[in-house]
Amino acid sequence: MVALVLVLLILPTMGYTVQRFPPPDFDSGHTLPRTVIPEPRALIYEYLDVMVLLIALSLASYLALKSRSRRGIFLLGIFSLAYFGFWRKGCVCYIGSLQNITLALFDHSYTVPLVIIAFFSLPLIFTLFFGRTFCAAVCPLGAIQDVVVLRPIRVPSWLEHALGLFAYIYLGLAVLFAATGSAFIICQYDPFVSFFRRSGSLDMLILGGGFLLVGLFVGRPYCRYLCPYGALLNLVSRASKWHVTITPKECIQCRLCEESCAFGAIQEPTPEAKTTEQDENKRRFTYLLLLLPVFMLFGGWLGTRVSDPLSRMHPTVRLAEQIWSEDTGDTQDSTDASDAFRSTGRSKYELYDEALQIKNQFAWGSGLLGAFVGLVICLKLIFLAISRRRSDYEVNRGTCISCARCFAYCPVEHERLKERGKDTIPVPGRI
Amino acid sequence: MNSKDTTHVTRRDFIKNGVRGGCLLGLGGLVGFLTNRSQADDTVWQINPYECVACGKCATHCVLDISAVKCTHAFAMCGYCKLCTGYFEQQPNALTSGAENQLCPTGAILRTFVEDPYYEYTIDESLCVGCAKCVKGCKAFGNGSLFLQVHHDRCVDCNECSIAVACPSNAFHRVPSSHPYMLKGTDLMG
């Protein structure tokens, strides 16, 4: 009886395990070995990473805006690729950190480490002041694509604008899946992380290799058309206090820089617009502005249509559907997950409730996502309808990543270097 | 530049300054809000051994070629059995360390005699691949003193652990890096 009470007392503390065989008392005085548990990387190194990031960001901004040195930017990029990429194995990256931030906002049980907050916010703050110097030389994903740019072709303007929208859709999806606690898709489909770790699944190696191959001819395809953090930086960079300019002084309209940008971020001067054209643009602008709610409503409606398949990204929804189809006899085979669930003895109705709640969240979330995509597409069209007058060749502050390639094409820059007594004038090779 | 252009530039600059100020405020607010609920510690991944079902996915789904998940032994829980069901195949030919008798595919468990009838089982981490065969055996018929843990000398601490994505029982958790293990026989978070 006493033993039974003891067992009942001990059992809960032991979890589900049963001490079938009591540990022996050794007569020989044998001492138990210690369980091997290697310590993780010390916290101080995590803070060191933040310091390195801060220094790299400052240096990149200085090199791009002040000393205007492509060589410096390139070398810093190589360093970042080596440190944040190959040494730190690409995790946690700035791009992925936006999912941790989203999860922390929506899931109150998740406490986000300070280091991740720093990784998320520092590049944004620097971009607010100096433009996307972060993309130029600090991001390892950018750097690995930057070094393979061989012979970039000029992507037609309509295609560039259209492909650029995917980054916003990807951003919206990533936020939706992170907010519902379903998955971190940015991490799962990070094309280069398997190179950084020098191990990974074949699919991801092929994907990464594909991006690098395309990157030979289309400069930085991931940054321009997919990177969700780049989409944020693009928006933020438009309001940046300072930004790189092609020419250090005044543009002399020599057109030499016209084809120098590997990423299609140089805008040509606009010809004097005819009044009829301006009127046409104004009309388009007004129509599009009025159509904005229609775009958002239609997008929202489309979003709610796909909420069911989207919700299957959540493991609980998948498990609930599996249990359901097993119990209704739709499937005979059980999965590891359903077996594991049944062995816990939890009520399946509890699981169904939970899954329904998540599906409900997805109904709202994908509606919002759809409305967001509608908004982005309509805003894109609105911006295209605005005819902004430019008298010089200028960088597009949103898409320019401050790589400093175009400087060497500018004769005014060569003058400036001569004045400074630098006789080595950088001669541009093939971009 | 005529006067009209100057006012145009000023207006755009004004808007830009406003947007920048708004962005800074928003970002500051977000960071402040999150910092309130953040922790100075980093997080690492760990397996709750009481939730683990020993499915074997740890050996195959880690991003590393050889998984960062290793078998771990809580010696205080072990029964020091002569016929260890975590060590031996079911119905072994003989209770010897012959490969045909062993459950472990890589021979990572060392069986040493202590005193009659007790044997001690230690894990050679360099050989263990985290397949959980021994864990399953020990849990089924023994004390469950063998269990899987993410070993942090190997783990690269992915933002989203790819084994956690594949884990059928959601046994993977983010734990603070100051308490990186969930060991059996102790307070789990301790």
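The legends below walk through close-up views of a predicted model.

**View 1. Chain B as a whole.**
We begin with the overall layout of chain B, which has 4 helices and 6 strands. Reading along the sequence, you will meet them in the pattern α-β-α-β-β-β-α-β-α-β. The radius of gyration of chain B is 27 Å, well over the 16 Å that the globule rule gives for 190 residues, so the chain is more spread out than a compact globule. Taken along the principal axes, the C-alpha atoms fill a box of roughly 100 × 30 × 25 Å. Of the 190 residues in chain B, 49% are buried. Take the contacts in chain B between residues at least 6 apart in sequence: 71% of these join residues at least 24 apart.

**View 2. The two domains of chain B.**
Here the domain assignment divides chain B into domain 1, covering 9-40, and domain 2, covering 43-176. How far apart do the C-alpha centres of domain 1 and domain 2 of chain B lie? The distance is 49 Å.

**View 3. Strand β1 of chain B and its partner.**
Now zoom in on strand β1 of chain B, residues 43-47, which is mostly covered, with 5 of its 5 residues buried. Its side chains split between two directions: B:Thr43, B:Trp45 and B:Ile47 point one way, while B:Val44 and B:Gln46 point the other way. Both sets are buried. Which strand does β1(B) join through 5 bridges? The partner is strand β6 of chain B, residues 172-176, and the two run antiparallel. Within this pairing, look for B:Trp45, which stands opposite B:Arg174 in β6(B).

**View 4. An aromatic pair in chain B.**
The rings of B:Tyr87 and B:Phe88 form an edge-to-face pair, with 4.8 Å from centre to centre and 85° between the planes. Are these residues buried or exposed? B:Tyr87 has 2% relative accessibility and therefore counts as buried. B:Phe88 also counts as buried because its relative accessibility is 2%. The cut-off behind both calls is under 20% relative accessible area.

**View 5. Aromatic rings in chain A.**
Over all chains, the structure holds 24 aromatic pairs. One of them is formed by A:Tyr83 and A:Phe84, whose rings meet edge-to-face at 5.1 Å centre to centre, with 90° between the planes. Both of these residues are buried. Follow the ring pairs outward and you can trace a cluster that links A:Phe79, A:Tyr83, A:Phe84, A:Tyr94, A:Phe119, A:Phe120, A:Phe134 and A:Tyr229.

**View 6. Charged side chains over rings in chain A.**
Two spots in chain A are shown here. In one, A:Arg68 lies over the face of A:Phe407, at 3.9 Å from the ring centre. In the other, A:Lys241 lies over the face of A:Trp242, at 5.5 Å from the ring centre.

**View 7. A:Ile55 on helix α2 of chain A.**
For the last view, find A:Ile55 in helix α2 of chain A, which spans residues 43-66. Why does A:Ile55 count as exposed? Its relative accessibility is 51%, and the exposed class takes in values over 50%. You can also look from A:Ile55 to A:Val138: they are 83 residues apart in sequence and 9.8 Å apart in space, C-alpha to C-alpha.

Key
Residues numbered from 1 in each chain as written. Chains lettered and ligands numbered in written order. Predicted model: local features only at pLDDT ≥ 70, side-chain atom pairs only at ≥ 80, totals over all residues. Heavy atoms only, no water. Phe/Tyr/Trp six-rings, centres within 6.5 Å; stacked < 30°, edge-to-face > 60°. Buried < 20%, exposed > 50% of the residue type's maximum accessible area, 1.4 Å probe, protein only. Lys NZ or Arg CZ within 6 Å of the ring centre and 35° of its normal. Pairing = 2+ DSSP bridges. Domains from an automatic or database assignment. Rg over C-alpha atoms; globule rule 2.2 N^0.38 Å. Contact = heavy atoms within 4.5 Å.
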